[in-house]
Amino acid sequence: MEGPNYAVINIRGSTTDPLNWMTNLYSAMIPANGSITLPDGLLVDYYLSDNPLANVHAGWTLAMAFLFQDIVNKIKSLNKRGIYFFIITGHSQGAAIAQLLRSYLENAPSGLVNKKNEFKTYVFASPKPANTYFARNYTNYYKNSSFIINN
């Protein structure tokens, strides 16, 4: 029996770990395009919006930077099995990070992810991951493939 031709990337929400809550509280806004150097010295360049006024939540962008390499490696592994359709989902903090991750993957440097990949986003109870300029840009690009469910 053949397996599904899609995969789900699920980003978890906040936990009780105080360090996890620091991610939430580190809410300064930073440019939607830039670089982050992780503690191990890895430099993560990110491009999340083509609007120069777009800013993103620093803590959640940092969390995305910590996660992206593992996620990209898993995507490449799944591509080798013929899977090119990905649903990115998350709840609360995970929803905000999922939206930033979607922007990162869609705008990844050439060769990082296969251009055949398709992404859809379904997030639940998402706090705002960025400012209005980012939100407008995100909505314009992904309006038919990104769904935010709030109660």
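**Exercise 1. Find which residue of S4 is the bridge partner of Ser35, then describe how S3 and S4 are joined.**

Solution. Start with the pair itself: Ser35 has Asp45 in S4 as its bridge partner. Keep in mind as you work that this is a predicted model. Next, look one residue along, where Ile36 stands opposite Val44 in S4. Now widen the view to both strands: S3 covers residues 33–37, and five bridges join it to S4, with the two running antiparallel. Finally, follow the chain from one strand to the other. S3 and S4 make a hairpin with five residues between them, and Gly41 in the turn has a positive phi of about 95 degrees.

**Exercise 2. Work out which side chains of strand S4 (residues 43–47) are buried and which are not.**

Solution. Begin with the general pattern: side chains in a regular strand alternate between the two faces of the sheet. Then apply the cut-off, under 20% relative accessible area for a buried residue. On one face of S4 you will find Val44 and Tyr46, both buried. Leu43, Asp45 and Tyr47 point to the other face and are not buried. Now return to the pairs from the hairpin: Val44, opposite Ile36, belongs to the buried face, whereas Asp45, the partner of Ser35, points to the other face.

**Exercise 3. Say whether Leu19 is buried or exposed, and place this residue in its surroundings.**

Solution. First locate Leu19, which sits in helix H1, residues 18–25. The cut-off for exposed is over 50% relative accessible area. Leu19 has 62%, so this residue is exposed. Next, look for its companions: together with Met22 and Leu25, Leu19 forms a nonpolar surface patch with about 360 Å² of accessible area. Last, check the confidence. Among the elements of the chain, H1 has the lowest mean pLDDT, 84, while the highest, 98, belongs to strand S5 (residues 55–57). For the chain as a whole the average is 93, and 98% of the residues score at least 70.

**Exercise 4. Describe the order of elements in the protein chain and its overall dimensions.**

Solution. Count the elements first: there are four helices and eight strands. Read from the N terminus, their order is β-α-β-β-β-β-α-β-α-β-α-β. The radius of gyration is 15 Å, close to the 15 Å from the globule rule for 151 residues, so the chain is as compact as a globular protein of that length. Along the principal axes, the C-alpha atoms fill a box of roughly 45 × 40 × 35 Å. To finish, note that 44% of the 151 residues are buried.

Terms used:
Residues numbered from 1 in each chain as written. Predicted model: local features only at pLDDT ≥ 70, side-chain atom pairs only at ≥ 80, totals over all residues. Heavy atoms only, no water. Patch = residues over 30% accessible without salt bridge, like charges linked within 9 Å, V, L, I, M, F, W, Y side chains within 5 Å. Areas by Shrake-Rupley, 256 points an atom, 1.4 Å probe, with all protein chains shown as cover. Salt bridge = Lys/Arg side-chain N within 4 Å of Asp/Glu carboxyl O. Buried < 20%, exposed > 50% of the residue type's maximum accessible area, 1.4 Å probe, protein only. pLDDT = per-residue confidence, 0-100. Pairing = 2+ DSSP bridges. Rg over C-alpha atoms; globule rule 2.2 N^0.38 Å.
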